[in-house]
Protein chains: 2
Amino acid sequence: MNGARSDVASRRVADHLRAAILSGEIAPGERIRQEEVAERLGASRLPVREALRMLEAEGLTEHHTHKGARVPKLDMHEVEVIYRMRERLEPLALAESLQHLTRDDLRRLEGLQERIEANGDIGEFLALDREFHLLTYSGCAIEQLSSMVVRLWNSTQHYRRAYMHLSGQARRWIVNAEHRLLLDAIERQDADEAERCLAGHIRRTRIELSHHPEVFEGPIP
Amino acid sequence: MNGARSDVASRRVADHLRAAILSGEIAPGERIRQEEVAERLGASRLPVREALRMLEAEGLTEHHTHKGARVPKLDMHEVEVIYRMRERLEPLALAESLQHLTRDDLRRLEGLQERIEANGDIGEFLALDREFHLLTYSGCAIEQLSSMVVRLWNSTQHYRRAYMHLSGQARRWIVNAEHRLLLDAIERQDADEAERCLAGHIRRTRIELSHHPEVFEGPIP
DNA sequence: CGGCTAGAAGTTGGATCCAATCCATGTCAG
DNA sequence: CTGACATGGATTGGATCCAACTTCTAGCCG
């Protein structure tokens, strides 16, 4: 009868924490105290515990018994391997998704890409880029595959942001060109070409990132 | 100071349920009632809830709000895609693991393969085969990669068992031959060859499985 | 002065009770 | 007889209180 509200407390808490982690408000390595979160969101500790477990499944927190939850901190090699995983899994997800994308999805992809090209600030770019790519996978009905792709995006989000703070506008032009090629292949339903574009896009990003070890050293803007 | 006992109730419960699901005692599609488990293991419902969340992160259960936990039931296409994910991820895990494998690991791999060749019953074969492959990945220090590989194995375990009940001894000879080739490449630290062997091994299994749609239809031994 | 230990405070894990939701059964109108 | 609908039992979600563990600190002894 209501507007599909998330009236389950644990989900509300999870949504809140997820946003806080993805936006960088809670940084990698930082500890999350149950009581503090519970108090701030007006719930008891129990839904917070459930929420932290959900986030753990999404790769956003890690849990150690009697020591609580932290946001995982990754080193350069870990992130590089995660990018290699993305190179292999995301083309598969795209292939599974491609023929199920609706005409409306394509229109939204176009719209997102136009907004990406509008060159907003870094936070906006990251959010739109994420939305763009995940939308291309939205037709993938294989739960395991979709959830793993989201996990990989979640894990690297913080380092993508850190890298964007270092890289110039030129990078964005390359991204835009690659997105356009990808969009074109998707609209033509050319699975092979779309997979190639996507793998190349991720691969290039991985290699660029590997030239900036400083991303993984200090605290970040 | 104690013998590394799993004195945390939620972990004990999770271990118990994991074993029950992997052994087929709890079948795909089956519901898991918190109170029943709690009573049977002499704990309250809370650690059971935590355990179910852990298992969800491992791909062994799925959770729907106010409807509880079930073991996911997959159709043939889903399993086929999961095998394609394995084809892409496990060679990567092997490459990451290869140079960290100790001489002792290699000896244990040899021992496992010999026990596999001893041709025990199906349950034993499945357990040994799982142990063999996961041991080859044990040197992989990338948590995300290792955990995803385990997830994929967990998800398909039941269907591997169902398939084994249908396939003859000839399949085992092929598996043994492939394992020997893989072991040889691993011992020579030949990453490329090992990746090729492994991808081929998984690929062949996927194709074989796709010839047996009956695996996904009825209830299973 | 430094390192180790005991304990106190803080944080997480677990048990019990209550509330909200789902689902199956039975009833009644058409 | 069939369908929708209401109701009660069953099951999960949440709050509160207590126990176990970790960690930080203060004090003692070498």
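Let's start with polar contacts. Across the interface of chain A and chain B, 9 residue pairs are in polar contact, both partners at pLDDT 80 or more. Keep in mind that this is a predicted model.

Now the elements behind that. On the side of chain A that touches chain B, α3 (45-57), α4 (76-98) and α7 (143-166) of chain A each supply at least two residues. Which of them gives the most? That is α4(A), with 11 residues. Sort the side of chain A that touches chain B by class, and you get 14 nonpolar, 6 polar and 9 charged residues.

Charged pairs next. Between chain A and chain B the count is 6 salt bridges. One of them joins A:R88 to B:E195. The closest N and O atoms of that pair are 3.9 Å apart. The cut-off for a salt bridge here is 4 Å.

How much area is buried between chain A and chain B? About 3000 Å². Carbon and sulfur atoms give 61% of it. In chain A, three residues lose the most area to chain B: A:R53, A:R88 and A:Q144. Together they make up 22% of what that side buries. So A:R88 turns up twice, in the salt bridge with B:E195 and in this list of area lost.

The contact takes 29 residues from chain A and 29 residues from chain B. Why do we say the copies meet through the same surface? Because 100% of the interface residues of chain A are also interface residues in chain B.

That brings us to symmetry. A turn of 180 degrees, with a shift of 0.1 Å along the axis, lays chain A on chain B with an RMSD of 0.1 Å. The two copies are thus related as by a two-fold rotation axis. Where does chain A come nearest to the axis? Its nearest C-alpha belongs to A:A57, 2.2 Å from the axis.

On to the DNA. Strand C first.

DNA strand C is surrounded by 19 residues. The closest are A:R45, A:R49, A:H63, B:A9 and B:S44. Of the strand C atoms that come within 4 Å of the protein, sugar and phosphate account for 74%.

Some specific distances. B:A9 has a backbone N or O atom 2.8 Å from a phosphate oxygen of DNA strand C. A:H63 uses its side chain: an N or O atom there is 3.1 Å from a phosphate oxygen of DNA strand C. For A:Q34, a backbone N or O atom lies 3.4 Å from a phosphate oxygen of that strand.

Which elements give two or more residues to the surface near DNA strand C? From chain A, β1 (31-32) and α3; from chain B, α1 (9-22) and α3 (45-57). By class, the residues of this surface divide into 5 nonpolar, 8 polar and 6 charged.

Now strand D.

There are 19 residues around DNA strand D. Those that come nearest are A:A9, A:S44, B:R33, B:R45 and B:R49. Sugar and phosphate make up 75% of the strand D atoms that come within 4 Å of the protein.

Distances again. A backbone N or O atom of A:S10 is 3.2 Å from a phosphate oxygen of DNA strand D. B:Q34 places a polar backbone atom 3.4 Å from a phosphate oxygen of DNA strand D. A:H66 reaches a sugar or linking oxygen of DNA strand D, with a polar side-chain atom 3.4 Å away.

The elements that give two or more residues here are α1 (9-22) and α3 of chain A, together with β1 (31-32) and α3 of chain B. The class split near DNA strand D is 5 nonpolar, 8 polar and 6 charged.

To wrap up: a two-fold relation between the copies, 6 salt bridges between chain A and chain B, and 19 residues around DNA strand D.

Terms used:
Residues numbered from 1 in each chain as written. Chains lettered and ligands numbered in written order. Predicted model: local features only at pLDDT ≥ 70, side-chain atom pairs only at ≥ 80, totals over all residues. Heavy atoms only, no water. Contact = heavy atoms within 4.5 Å. Buried area = accessible area lost by both parts, 1.4 Å probe. Salt bridge = Lys/Arg side-chain N within 4 Å of Asp/Glu carboxyl O. Polar contact = N/O pair within 3.5 Å; in protein donor to acceptor, adjacent residues only side chain to side chain. Helix = DSSP H or I, 4+ residues; strand = E, 2+ residues; numbered from the N terminus. Nonpolar A, V, L, I, M, F, W, Y, C, P; charged D, E, K, R; others polar. Near = heavy atom within 4 Å. Least-squares fit on C-alpha atoms with pLDDT ≥ 70 in both.
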